[in-house]
Amino acid sequence: MIRFITALVLSKMALFVYKIMGKTKDDKPGLLANKICPDFLARVKKPELVICVSGTNGKTSIVNFIADIMKMQGKKVSYNDWGANIFAGHSRVLLDTVNIFNRSTKDVAIIEVDEKTSHRSIGMIKPNYFIVTNLFRDSIRRNGHIEFIYKRLEQAFENSKDTVAILNACDPISSTLAKNNKKIFVKIDDIGLNPMENISKEYLMCPICGKEPNYKYKLYRSLGGFDCPYCNFSSPLAKYSVDKIDFNKKEMFVVEDDRYKYKIVNDSVFYAFNLLFVIALMREIGMDHKTLQKYISKLQITSFRNMSEKVNGKEINLFACKGQNGSSSSTVFEYLVNNKDDKELIILMDELHDKYHPLETLTWIYEADFEFLKSPNIKKIIVGGKMCLNYKVRLLLAGIEEEKIICVENEEETINYLNMKNKDKVYILFDVDIRPKAISLLNKLKEYKNEEN
């Protein structure tokens, strides 16, 4: 108890100082709390409502959407909106929900949870709800393989059996989690998509009988309606399902006790999934449909991940593209190709944050579907960074013409090779850690005076 009190008081003081300094998105106060008291997460008092979100893709967006809606309700909310999703980040969130006497000061805590460490953190946090978005192939160096991560998440649910699981009925892998917990499933029905075929696949065999998997329809990657003709394994029954999405009008229709229309934040199926998880959660905690529809219509994608600005009549898009994650990158590539406007790409996907391992694990680029970029509407691909020649080799192996590929070791110089004439859009794809460089390029483009290269 003495260690906990010491950790609480000192880390609260540190948090106060960091806020004064403007460092509101720094998890060092949480790191201090954990160093002094290793079971700080278990001892700190939780708000009345605690929500955790995990999964390979979508968790940061969902956390931000939930937080925005809660704030619209007038709730006092603490959340890690910048993706600090391991112990220091969790403690940082919960530090902000109590005073130095360990009494609650906030109504809601929304915590993004790394899948790999979930088996330890969830058992201490014991959230009311735990959303798992999906399980795809991820970084080999960080996450190993899907089975390893699946076992970590299953252990997380075992350590918190009163937690309600909100799961993806379209995912043949993550939908089988939480065997002893109450489960709520969400689903998108067959809406007529024709997804591109991925190189690497998550769902290779039926987990019950080991036979070849079967799909009634697919949405993207391994998500879709599935069943096994040899045993009883199939998509679970969903409480919340989408039976129609109009991407042009940016709206989707959710079937629950009735059918309801909701606005979607952009024209992609993966963001439709993110919103569906949010809708399910809000309905489960008792929010009425009209209020939820109103709040969702006001939601926007966080500018940390996606930005779009007009520069001299051209649309410049900044798009987060998770480095070392083939599934995330492939999903973004497919989205760009399906957007039929002519475009040029700048790719800034070197992973720079790991100063102790300056050389990347390059195998991931051979699991990412760079073949998708072999499309007539992608006119040029400019690769920036020290690893640019490795990306060029991968693009050439994907069948992309060499004259379309430009390599620039200095990221700041990539915009010098853009040709804005007769192009509708430019996309700057960046790894999260390289966002400042992407913003710098956008600011330089704002000074662009229609010179052609």
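Three short exercises with worked solutions follow.

This is a predicted model, with residues numbered from 1 along each chain as its sequence is written. Local features need pLDDT of at least 70 and side-chain atom pairs 80 or more, totals for chains, interfaces and linings use all residues, and side-chain values use heavy atoms, without hydrogens and water.

**Exercise 1. State the average pLDDT and find the stretch below 50.**

Step 1. pLDDT is the predictor's confidence in each residue, from 0 to 100. The protein averages 90, and 96% of the residues score at least 70.
Step 2. Residues 449-453 fall below 50. Beyond near neighbours in sequence, this stretch has eleven contacts (heavy atoms within 4.5 Å) in the model.

**Exercise 2. Place Asn102, give its phi and decide: buried or exposed?**

Step 1. Helices (H or I, at least four residues) and strands (E, at least two) are DSSP runs, numbered from the N terminus. Asn102 sits in the loop between helix H5 (87-95) and strand E3 (108-112).
Step 2. Most residues other than glycine have a negative phi. Asn102 is not a glycine, yet has a positive phi of about 60 degrees.
Step 3. Asn102 is buried (under 20% relative accessible area, 1.4 Å probe, protein chains only; exposed is over 50%, partly exposed in between), because its relative accessibility is 17%.

**Exercise 3. Order the six-strand sheet and name its edges.**

Step 1. The order is E12-E13-E17-E14-E15-E16, in an open sheet with mixed pairing (at least two DSSP bridges between two strands).
Step 2. Strand E12 (306-311) and strand E16 (405-408) are the edges, each pairing on one side only.
Step 3. Strand E15 (residues 378-384) pairs with E16 in the parallel sense over four bridges. There, Ile381 stands opposite Ile405 in E16.
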